[in-house]
Amino acid sequence: MRKLDLTKLPRKPYGKTSCIDWEASVGCLIPFVFDEVTGYLKIINHLKGNYITISYQNKSKTLRTSHLCAFKFRDLIYKNKRRLQKFDLSNIPKKNNQYDWVHSIGKTIPFSWNGRKGTLLIVGYQRKNGYGYLRIQYEKQEYQIRNINLLNGKISKIISYGKYHYSIGQTLIEQKKDITILERKKVKQSNILRKKYKYHCNTCGYEGWIDETLIAISTYACSHCAGKVVIKGKTDIKTEAPWMIPYFQKKDAILLNTERKNSNKKIYPICPICGTIRKTPMQISTIYKYHSIHCPKCSDNVSYPEKFILEFFKQLNVSLIYQPKKTELPWCGHYFYDFYDPKKNIIIEVNGMHHYQEVKHYNRTLQETKVIDQKKKALALKNNMQYIVIDCRYSELNYIRNVLLNHKELHKIYPFHENEIDFYQCEQATMKSLSYKIYMDKKKHPTITNKELAQKYRMNRGTIGKILNKFHE
Ligand SMILES: [Zn+2]
Ligand SMILES: [Zn+2]
């Protein structure tokens, strides 16, 4: 059983109802039951974007509040996975600090194994070729197992035999799990009899097979909800992220129907802007995450969210300076800010995922990023700037659109109505590359010099040269 008691936490008004005020909850205790462990989690910090830090005994963890409710704090409670398999060996006598198996006959070992509870009875013990073997009785059947394997929790063979644990028609609901058992069968896999169940997922409608031992321990049980299978026409890339289609070469087009947007499969993507095929492969999930393939030729190093936000402000008739330098912000020191509105003296930061959670292969830890963010904000405020942060952790049209529509601070300074903004146009703007524009200009007008291009695009001549060179590589 898993339970959290959030009813004692302070609340704040939210629309017509109310929600938990996590900021005011710092210092509060949350009573919980996590399988066989009962205790209190302490909220020790609140971070922007609905993240909290909780502690239990000597350990702490930062997680999304929604993940708290999904019980994603197992690692705080258990030291390692094996704790899932708990054996109560208190009935077994000891000799010289070792289990005395010879005198254990007739003793019982209560256990909890991947959510299953039961009792093993020791009915015999013998040594063979230097190894110790126990005879175990479980549900009226006898089994032989090496004592070391028992201590390591390798009892699947023992408890997998015999009766089915779940019955046909039974519905299992727990956290994110909501499945109904439709059919069951026994299959021999590498000499172990496994019990398989066909289930219907009441969340998404998917039907599939699952091993009995996995039902209790997996978060979803449904492999579709867990993101492991694709339903054609429903959760394939073509349907869920159609914007990705132009990134696939013809030979990879089949993957649009057979993979999901977060697939780890690698492809050699083609740049929809300039047609270049990347020489190094990329994971589909990475393309999805960045909404870009960082094209070796036309990439101008302006990210999807940055281009999106620039176009959004353009539609509001606000012209922002991208990455202002010392000429615009003499006080900025060695810090880089994303955007600056010189008319209103406002700094606008567009924050990607690494500002909210640890991102693999990113050159800074979350903590380092947070420290820098705080210093940058303090410096800007000290210099009489207003400071707005736009949460762009997902490079997705709908996500950023919702953030902008619900950004109270932003609305106060830049009032706008939903209908005034063409968000589709914002996404279209992310599909343009200034580098490519310059290259095409040069192609159309071969006589134009780098110096003239530099003047036209307000860039320095060296940069123009570098951009054109990339296309000629
Ligand atoms: Zn499902
Ligand atoms: Zn390109």
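Here is a short chat about Leu320 and the sheet beside it in the sequence.

Reader: What kind of model is this, and how is it numbered?
Author: It's a predicted model, where local features need pLDDT of at least 70, side-chain atom pairs count only at pLDDT 80 or more, and totals for chains, interfaces and linings use all residues. Residues are numbered from 1 along each chain as its sequence is written, with chains lettered from A and ligands numbered from 1 in the order in which they are written.

Reader: Where does Leu320 lie?
Author: Helices (H or I, at least four residues) and strands (E, at least two) are DSSP runs, numbered from the N terminus. Leu320 lies in the loop between α9 (304-315) and β21 (321-322).

Reader: Why does Leu320 count as partly exposed?
Author: Buried takes 20 or more other C-beta atoms within 10 Å of a residue's own, exposed takes 12 or fewer, and partly exposed is in between, with C-beta atoms placed from the backbone. Leu320 counts as partly exposed because its C-beta neighbours inside 10 Å number 19.

Reader: Which strands are the edges of the open sheet?
Author: Strands pair if DSSP finds at least two bridges between them. This open sheet of four strands goes β21-β22-β23-β24, with mixed pairing. Pairing on one side only marks the edge strands, β21 and β24 (386-391).

Reader: What is the bridge partner of Ile348 in β24?
Author: β23 (residues 346-351) and β24 run parallel, joined by six bridges. In β24, Ile348 has as its bridge partner Ile388.
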